[in-house]
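Let's take a walk through this one together, piece by piece. Have the viewer open and turn the chain as we go.

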Amino acid sequence: MTRPTINDVSQDDSRYRNVPSVTCGFARGGDVLKRHFPDLAVSKQKLRRADAIACVRMKRQEASQNLGFASRPFVLCGLPVKRPQSGQVLHERRNGHFLLQVTGHPSYGLPWGQDRLVPLFLATLAIRQQSRVIRFRSAAEMLDTFGMQQGGTQYRRLVAAFQRIFGATIFFGTDTQRQKAMVVHLARFSFMSEARIWYSRHSDQETLPSEFQNEIVLSDEFFREILAHPIPTDMEAAKALSCSPAALDLFTWLSYRCFVAKGRERVPLFGDSGLVSQLGSADYSRPRKFRERLEGWLNLVRSMWPECPASIDSNGTGLYVDRANAVLPNGGNHGTE
């Protein structure tokens, strides 16, 4: 039986009429797919995400999750998702009685986007090492932790993220009404008091000499906040969602919110106490647009946590959550120190 060529098939199938003839020279298969069958072409980024999601689900099934820790202010309220406008140095989010204000450094600006991985990385190492003086082998270790590609461009992004985080001032407060007396707890702090980060341009140099050890000193206030309220999270899930900051915020928030839920509960989407005021963007002025984005983020969360008991209610104004564990108890792997 003779194998049909593209010319043979194109006479019978209209889908192939515009595909270049094999007699007219060679074309890359990927280019042909992208041009004529875009639904069949898969980018390297999508392949990496699919691999990461498969890893998350496998480790969850095996009860061998890579346990990390998030800090409470950035679970309850998110950092900016998109790059802030030029000159904007104040970011504010509210979650019920909790208020988060982040003031950026005039030279570096506000932390945003993937910068949120830095506090997660620092909180995890602070808990693992039980010290406000954090040491790690190389900047490449952090890039690998969150699935970021090695290279000069990524290193520069990492350094810029540390500069924005280092220069930011955090204001985090709660207020509660108790028997007509207002009780207010407020804290203003920086992430770090000192940072020294080295990296080698040579990919074969995995660790640095002792005199070039990477060292970060957390501020006392941030360290005490981490120790007082460590919130477990799945580091592999954070890695899979590193390119989707809003979905990562939703995952860490749902991990915490479902854990503390006493049963099926409803969280409003809009208003001062709504979810729209908690996540790291103030751009969702139209409710329908926010619901569309939220559904997309939920789909990403469900892809790695299929049992996630979160769903938008029938009238599109609330999110139902129920008690569940995104991080399985007694199944966490702390990874390497």
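What follows starts with the whole chain, then moves through its strands, helices and a few individual residues.

Keep in mind from the start that this is a predicted model. The chain has 337 residues, and 44% of them are buried. Its secondary structure adds up to 11 helices and 13 strands. Look at the contacts with a separation of 6 or more, and you'll find that 67% of them link residues 24 or more positions apart.

A good place to begin is strand E8, residues 214–218. Is this strand enclosed or not, and why? Five of its five residues are buried, so E8 is largely enclosed by the rest of the structure. You can check that face by face: Asn-214, Ile-216 and Leu-218 are buried on one side, while Glu-215 and Val-217 are buried on the other, leaving both faces covered.

Now look at the strands that pair with E8. Strand E4 (residues 133–136) is joined to E8 by four bridges, and the two run antiparallel. To get the register, find Phe-136, which sits opposite Asn-214 of E8. Strand E7 (residues 192–196) is also antiparallel to E8 and is linked to it by four bridges. Here the handy marker is Glu-194, whose bridge partner in E8 is Val-217. As background, strands of a sheet pair through backbone hydrogen bonds, in either a parallel or an antiparallel way.

Further along the chain there's a small sheet to trace. Three strands make up this open, antiparallel sheet, and their order is E10-E12-E11. Its edges are strand E10 (265–268) and strand E11 (311–312), each of which pairs on one side only. E10 and strand E12 (residues 318–321) are antiparallel and share four bridges. Within that pairing, Arg-266 faces Tyr-320 of E12. Helix H10, residues 245–260, lies across E10 and E12, and its direction makes an angle of about 60° with E12.

From E10, carry on into the loop that leads to helix H11 (287–304), and stop at Gln-278. Is this loop residue buried or exposed? Gln-278 has a relative accessible area of 4%, so it counts as buried. What does Gln-278 touch, once residues up to four places away in sequence are set aside? The list is Leu-76, Cys-77, Gly-78, Arg-93, Arg-94, Asn-95, Trp-253 and Ser-273. With Asn-95 there is also a polar contact, side chain to side chain, at 3.0 Å.

H11 itself is worth following, since it packs against helix H3 (residues 44–61) at an angle of about 50°, the axes lying 8 Å apart. That angle makes H3 oblique to H11. On the H3 side the contact involves Arg-49, Ile-53, Val-56, Arg-57 and Arg-60, and on the H11 side Leu-300, Ser-303 and Met-304. Sort those residues by class and you get four nonpolar, one polar and three charged.

Step off H3 toward strand E1 (65–71) and you land in the loop that holds Ala-63. Its backbone deserves a look: Ala-63 isn't a glycine, yet its phi is positive, near 55°. Most residues other than glycine have a negative phi. Ala-63 is partly exposed, with a relative accessible area of 38%. Gln-130 is another non-glycine residue with a positive phi, in this case about 50°. You'll find Gln-130 in the loop between helix H5 (117–129) and E4, the strand that pairs with E8. With a relative accessible area of 54%, Gln-130 is exposed.

Let's finish in helix H8 (residues 220–228), with Glu-225. A relative accessible area of 11% puts Glu-225 in the buried class. Which residues does Glu-225 touch, leaving out those up to four places away in sequence? They are Arg-72 and Pro-73. Glu-225 and Arg-72 are 153 residues apart along the chain, but their C-alpha atoms are separated by 7.7 Å. Zoom in on the side chains of Glu-225 and Arg-72, and you'll see them joined by a polar contact of 3.0 Å.

Key. Residues are numbered from 1 along each chain as its sequence is written. This is a predicted model: local features need pLDDT of at least 70, side-chain atom pairs count only at pLDDT 80 or more; totals for chains, interfaces and linings use all residues. Side-chain values use heavy atoms; hydrogens and water are left out. Two strands pair if DSSP finds at least two bridges between them. Contact means heavy atoms within 4.5 Å. Axes are lines fitted to C-alpha atoms, for helices over the stretch in contact, and angles run from 0 to 180 degrees between N-to-C directions. Buried means under 20% relative accessible area, exposed over 50%, partly exposed in between (1.4 Å probe, protein chains only). A polar contact is a pair of N or O atoms within 3.5 Å; within protein, one must be able to donate a hydrogen and the other to accept it, and residues adjacent in sequence count only if both atoms are side-chain atoms. Angles under 35 degrees count as roughly parallel, over 145 as roughly antiparallel, 65 to 115 as roughly perpendicular and the rest as oblique. Ala, Val, Leu, Ile, Met, Phe, Trp, Tyr, Cys and Pro count as nonpolar, Asp, Glu, Lys and Arg as charged, and the others, Gly among them, as polar.
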